[in-house]
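Open the model in your viewer and keep the selection tool at hand. This tour goes from one selection to the next and says what is found at each stop.

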Amino acid sequence: MRIGILGSGLMGGKLGTLFARAGHEVVFSYARSERKLQRLARQARHNARAGTVRAAAETAEALLLAAHWSRVPEVLRQAGDLAGKVVLTCSLPMNEDDTELVVGRSSSGAEELARSIPEATVVSAFGTVPSEVLFAVFAARRRARRPSLVYCADARHGKNVAARLIRDVGFEPVDAGPLRSARYLEPFTLLVAQLAYEGKGGAQLGYRFERFRR
Ligand SMILES: NC(=O)c1ccc[n+]([C@@H]2O[C@H](COP(=O)([O-])OP(=O)(O)OC[C@H]3O[C@@H](n4cnc5c(N)ncnc54)[C@H](OP(=O)(O)O)[C@@H]3O)[C@@H](O)[C@H]2O)c1
C-alpha cells in the first residue's frame, strides 16, 4: 500500500517506520524540519521517503493523520484534494496544552474530521495506544496472543485498510463499529494515557479485550 504520513512526530514517525518495515511504501511529511523527515525515511530503510504534505497525500491510498488537533486544519489545507483516500486518524481532539478533549459526548474528533473532508473515508485508528509501545508490539508480532487495537469507521473499505495495517504493526484489530464510536474511543484513550504515563510500570502499555465462553 502507498501510505502518506501527515505529522511525523512520536506517532507518525514510529507508525510510518513500522508500515515501511511491513513492506508498504511510505512518505513522511509535516515536521518542522525537512532534515528530520529525511532522517526518518533513511532510518526506516525500506520503501520510505520524505516529502511535502501535498506529495504525501497525492500518491497515497491511505493517509495517517498524526498531528496535534490544533494543526489539523493547516495539514488538511496543505494536503489538498483527498477524494477517494482513506484517512486514518490517531489525532485526539485535545486543547492546546493537552489537558482536555475539546470535542466529545455528542461528537468526536474523528466525526468532525469526516465532516471537514467528506470526499475522504475517515477511520479512527491507532490513537488508543501510547507511541512508546509500538515498536515492542511490532517486535512481538509473531506471538499468538496479540494486544487489541480498536478502530471504527463507516465504510467497509476504510475498515479493511485499517484492519490490515493494524495487523501489520502487530495488534489484533477490534472493529468498534461506525465512526460515531469514536465518541467512546477518544475518552478511552485518555484512560490508557493515564495508566501509561501516571500508572506504575511505564508507558509501554497495550490492552487486550477477551471474550469468555462457558
Ligand atoms: N504520542 C502518543 O503516544 C499519542 C497517542 C495517541 C494519540 N496521539 C495523538 O496523535 C497526534 C500526534 O501526536 P504525537 O505525540 O505524535 O505529536 P508530535 O510528536 O508532536 O508530532 C506532531 C508532528 O507535527 C509536526 N508539527 C507540529 N507543528 C508543526 C508546524 N507548525 N509545522 C510543521 N510541522 C509541525 C511535528 O514536527 P516536529 O517533528 O518537528 O516536532 C511532528 O512531526 C496528536 O493528535 C495526539 O493527540 C498521540
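Helices here are DSSP runs of H or I with at least four residues, numbered from the N terminus. The lining of a pocket consists of the residues that have an atom within 4 Å of one of its grid points. The model is predicted.

**Stop 1: two helices.** Select residues 10–21, which are α1, and residues 182–198, which are α8. Each of these helices supplies at least two residues to the lining of the largest pocket. Which helix gives the most to that lining? It is α8, with seven residues.

**Stop 2: the largest pocket.** Now look at the space itself, which amounts to about 1,100 Å³. The pocket is lined by 32 residues, and those closest to its centre are Leu10, Met11, Ala67, His68 and Asp98. Select these five and centre the view on them. Sorted by class, the lining holds 16 nonpolar, ten polar and six charged residues.

**Stop 3: the ligand.** Where does the ligand sit? It is in the largest pocket, so there is no need to move the view far to find the ligand. Select the residues around the ligand: there are 20, and the closest are Leu10, Met11, Arg32, Lys36 and Ser131. Leu10 and Met11 were also on the list for the pocket centre. The shell around the ligand is made up of eleven nonpolar, six polar and three charged residues.

**Stop 4: three pairs of atoms.** Show the ligand with Gly9, and find the oxygen atom of the ligand that lies 3.0 Å from a backbone N or O atom of Gly9. Next add Leu92, where a backbone N or O atom is 3.3 Å from an oxygen atom of the ligand. Then add Arg71: an N or O atom in the side chain of Arg71 lies 3.4 Å from a nitrogen atom of the ligand. On its own the ligand has 890 Å² of accessible area, and the protein covers 77% of that.

**Stop 5: the second largest pocket.** Select Ser148, Glu172, Val174, Arg208, Phe209, Glu210 and Arg211, which line the second largest pocket. The space in this pocket is about 190 Å³. Its lining has two nonpolar, one polar and four charged residues.

**Stop 6: the cavity.** How many cavities of 30 Å³ or more are counted? The count is one. About 60 Å³ of space lies in the largest cavity. To see its lining, select Thr89, Cys90, Ser91, Leu92, Ser124, Ala125, Gly127, Leu185, Glu186 and Thr189. Leu92 appeared at Stop 4 in a pair with the ligand. The helix α8 gives the most to the lining of the cavity, with three residues. By class, this lining has four nonpolar, five polar and one charged residue.

Conventions
Residues numbered from 1 in each chain as written. Predicted model: local features only at pLDDT ≥ 70, side-chain atom pairs only at ≥ 80, totals over all residues. Heavy atoms only, no water. Near = heavy atom within 4 Å. Polar contact = N/O pair within 3.5 Å; in protein donor to acceptor, adjacent residues only side chain to side chain. Areas by Shrake-Rupley, 256 points an atom, 1.4 Å probe, with all protein chains shown as cover. 1 Å grid on protein atoms, 1.4 Å probe; cavity = no way out; pocket = protein on both sides within 12 Å on 5 of 7 lines; lining within 4 Å. Sits in = over half its atoms within 2 Å of the grid points. Nonpolar A, V, L, I, M, F, W, Y, C, P; charged D, E, K, R; others polar. Points joined across faces, edges and corners; volume = space filled by probe spheres on them.
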